[in-house]
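Visitor: Please take a close look at one part of this protein's surface, and then follow the chain inward from there. Keep it plain, and give the cut-offs as you go.

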Amino acid sequence: METNMHTTTAGGDRLGPPHIRQAFGTVRTLVAVYGALSVAVLATVAVLAMNEHAVPPFMWGRSAGVLASAAVTYWLTARAAQGARGAYLRVRIISLVMPPAILAIDLLPGTLPAWFILLQAPCALAMGAAAFPLNGSRLRAAFRKTR
């Protein structure tokens, strides 16, 4: 599918208005923060497990899943910044779905300890913040469907 953004094929650099580049710079930073926080959560779980603390399999899976979603989201953000409309639509959806999904699962009574929830909550905040520029009128206009 075509977009209104002009891209180059060599090197993948995106061309376009400065506000589009700035918006994607902000999103890329927020998604990188999401990833770094996800690494911190998984590292904390690993350190606790190595020190013989009880770490249920659900906590391992949860930590690894959020980190994997951060990696995919970063890749999609990079593709969207190059003008890929499909990637833009996907990262836009992820930015809306992940924050409530993270919080909803974390807040299920008795599922996870408070320290884990406190470490993962900033992940949801970073993705939630990325949703604002991704779903703003300027980026939506840059990726509107053309016939």
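**A surface patch and what lies behind it**

Guide: Phe58, Ile105 and Leu108 make a nonpolar surface patch of about 250 Å². Patches are built from residues with over 30% relative accessible area and no salt bridge; like charges are joined within 9 Å, and nonpolar side chains (Val, Leu, Ile, Met, Phe, Trp, Tyr) within 5 Å. The areas come from the Shrake-Rupley method with a 1.4 Å probe, and for residues only the protein chains shown count as cover.

This is a predicted model, in which local features need pLDDT of at least 70 and side-chain atom pairs count only at pLDDT 80 or more, while totals for chains, interfaces and linings use all residues. Residues are numbered from 1 along each chain as its sequence is written, and side-chain values use heavy atoms, with hydrogens and water left out.

One member of the patch, Phe58, lies in helix H2 (helices, H or I of at least four residues, and strands, E of at least two, are DSSP runs numbered from the N terminus). Phe58 counts as partly exposed because its relative accessibility is 40%; buried means under 20% relative accessible area, exposed over 50%, and partly exposed in between, with a 1.4 Å probe and protein chains only.

Helix H2 covers residues 57-81 and also holds Arg62. Arg62 has a relative accessible area of 12% and is therefore buried. Ile105 of the patch is among the contacts of Arg62, along with Ala101, Ile102, Asp106, Phe116 and Gln120, once neighbours within four places in sequence are set aside. Contact here means heavy atoms within 4.5 Å.

With Asp106, the contact is also a salt bridge between the side chains, at 3.1 Å from N to O; the term requires a side-chain nitrogen of Lys or Arg within 4 Å of a carboxyl oxygen of Asp or Glu. Arg62 lies in helix H2 and Asp106 in helix H3, so the pair ties together parts that are 44 residues apart in sequence. Both partners are buried. A search of the whole structure finds one salt bridge.

Next, the nonpolar interior. Ile102, another contact of Arg62, is one of the residues with the most contacts inside the largest nonpolar core, which has 28 residues; the others named are Phe24, Tyr34, Tyr88, Leu134 and Leu139. Such a core is a set of buried Ala, Val, Leu, Ile, Met, Phe, Trp, Tyr and Cys residues joined through side-chain atoms within 4.5 Å. Two or more residues each come from helix H1 (18-50), H2, helix H3 (85-106), helix H4 (114-134) and helix H5 (137-142). H1 gives the largest share, seven residues. Leu139, leaving out residues up to four places away in sequence, touches Ile20, Ala23, Phe24, Tyr88, Pro133 and Leu134. A second, separate core of seven residues includes Val55, Leu112, Phe116 and Ile117; Phe116 is also in contact with Arg62.

Back in helix H2, there are points of approach to H1. Ala64 lies in H2, and its C-alpha atom is separated by 6.5 Å from that of Leu42, 22 residues away along the chain. Ala64 is partly exposed because its relative accessible area is 36%. Gly65, also placed in H2, is 23 residues from Leu42 in sequence and 9.7 Å from it in space, C-alpha to C-alpha. On the H1 side, Ala46 is 8.2 Å from Trp60, again C-alpha to C-alpha, with their positions 14 residues apart in sequence.

The loop between H1 and H2 contains Glu52. Phi of Glu52 is near 65°, a positive value in a residue other than glycine. Glu52 is exposed, because its relative accessible area is 75%.

As for the whole protein, its secondary structure comes to five helices and zero strands. Buried residues make up 38% of its 147 residues. Of the contacts with a separation of 6 or more, 73% are between residues 24 or more positions apart.

Last, confidence. The mean pLDDT is 88, and 89% of the residues reach 70 or more; pLDDT is the predictor's confidence in each residue, from 0 to 100. Over residues 1-13 it stays under 50, and the model has 29 contacts beyond four places in sequence for that stretch. Where pLDDT is low, the predicted coordinates should not be read in detail.
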